[in-house]
Amino acid sequence: MSLITLSGLTPTSSGIHLGNYFGAVRQWIDLQDAGGAHYFIASYHALTTVRDPAQLSSNIRAVAMDYLALGLDPERAVIYRQEDVPEVCELSWILSTLTPMGLLERCVAYKDKVSQGISADHGLFAYPVLMAADILIVRSHRVPVGQDQKQHVEVTRDIAGKFNQTYGAVFPVPEPLILEGNAAKVPGIDGQKMSKSYGNDLCIFESEKKLRKRVMSIVTDSQGVDESKEPEGNTIFELYKLVATDDKVDAMADKLRSSGIGYGYGHAKQELFEAMLDYFADARSRRLQLEENPDEVEQILRSGADRIRPVVEKTMDAVRSAIGVIPSHS
Ligand code: ADP
Ligand code: TRP
């Protein structure tokens with residue numbers, strides 16, 4: 001039996017950015033070949049920040065198109081919406097009765113979000129428990145996510161262990177799969193970690209015009225065109241390394257280091273913009289095709305829901321009999 005893999009993204013905005021892709025989604029694509037891959041859209045999690053219903057439904061559709069355009073493949077992975085498995089909410093409650101407050105109080109994502117002004121409500125606090133339910137309901141063994149989600153997977157491991165200890169072995173204890181290197185923390189246009197919530201992201205499917213404008217607004221130091229500039233640690237160069245070939249990366253490093261050749265940050269930004277368009281050319285054209293075929297996208301999500309339902313029902317039968325609370329319809 002192949003290992004089960006599960007991951008998802010929260011549809012809090014309408015576009016996947018470079019950090020999401022290189023930190024998480026690219027790994028998901030590679031893992032599809034091993035079998036047992038499950039990727040979903042975490043719509044209920046988004047309710048902690050998106051309260052406009054039209055906006056949320058549109059974000060959910062956009063993330064589905066982004067997934068498919070970037071190479072998540074319904075032939076090799078089960079792709080579904082969280083709302084098609086509402087039992088995660090039931091499981092989340094059950095798991096919450098085994099979750100120590102202290103475990104959630106230590107989660108830095110909660111504190112970060114509150115300090116950004118997101119309201120400190122119970123859903124935001126309990127967010128990692130719902131995440132544990134997503135992971136455990138498919139009895140996942142591994143969870144490929146970016147560095148900043150590692151703590152949440154550790155919470156899931158604790159909760160799974162506590163459940164198994166209390167009620168008997170129902171769940172595998174999942175491992176986080178985290179990439180090392182420059183994909184672990186992709187910088188945004190202001191040099192901080194790229195994140196939707198910092199407003200510093202570069203969205204992969206942005207129009208060319210807007211994308212160019214965003215790239216041109218990357219913050220740099222004030223070294224002039226004829227001065228030698230250190231590439232390492234420079235935001236433009238760090239992003240370029242993700243999307244350009246090795247030869248081109250070496251060439252940019254040489255040009256930045258040279259003095260008196262009239263090569264400034266503006267030139268480097270233009271090269272980054274072009275490399276991004278090249279790297280994502282196929283994905284961008286697939287994304288346009290998908291936009292014209294909303295029925296195809298809906299069909300893929302429905303078939304993902306059909307495929308996930310028996311898995312969820314089996315887990316919930318095991319959970320309900322383990323805890324001794326069995327609804328009459330099951
Ligand atoms: P955001 O910070 O933009 O809200 P999410 O929290 O929705 O992004 O993250 C979705 C996935 O992308 C997670 O697995 C996360 O770890 C990864 N990720 C997000 N931003 C980055 C980044 N700048 N570098 C690497 N990985 C990232
Ligand atoms: N919290 C994750 C994020 O912001 C999204 C998510 C929800 C998730 N449930 C999950 C990721 C389960 C992995 C596994 O990116």
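Reader: Which element gives the most to the shell around ligand 2?
Author: That's α7, with 4 residues. Elements here are DSSP runs, numbered from the N terminus: helices (H or I, at least four residues) and strands (E, at least two). Mind you, this is a predicted model, where local features need pLDDT of at least 70, side-chain atom pairs need 80 or more, and totals for chains, interfaces and linings use all residues. Residues count from 1 along each chain as written, chains are lettered from A and ligands numbered from 1 in written order, and side-chain values use heavy atoms, without hydrogens or water.

Reader: What makes the tyrosine 127 pair with ligand 2 a polar contact?
Author: A polar contact takes a pair of N or O atoms within 3.5 Å. A side-chain N or O atom of tyrosine 127 sits 2.8 Å from a nitrogen atom of ligand 2, so the pair qualifies. Aspartate 134 has such a side-chain atom 2.7 Å from a ligand nitrogen, and for glutamine 149 the distance is 3.1 Å. The protein buries 91% of the 360 Å² that ligand 2 exposes when taken alone (Shrake-Rupley, 1.4 Å probe).

Reader: Where does ligand 2 sit?
Author: In the largest pocket; sitting there means that more than half of its atoms lie within 2 Å of the pocket's grid points. β1 (5–9) and α7 (122–137) each give two or more residues to the ligand's shell.

Reader: What is the volume of the largest pocket?
Author: About 1,100 Å³. Its lining has 47 residues, with Lys113, Asp148, Gln149, Lys193 and Ser195 closest to the centre. α1 gives the most to that lining, with 5 residues.

Notes: Polar contact = N/O pair within 3.5 Å; in protein donor to acceptor, adjacent residues only side chain to side chain. 1 Å grid on protein atoms, 1.4 Å probe; cavity = no way out; pocket = protein on both sides within 12 Å on 5 of 7 lines; lining within 4 Å. Points joined across faces, edges and corners; volume = space filled by probe spheres on them.
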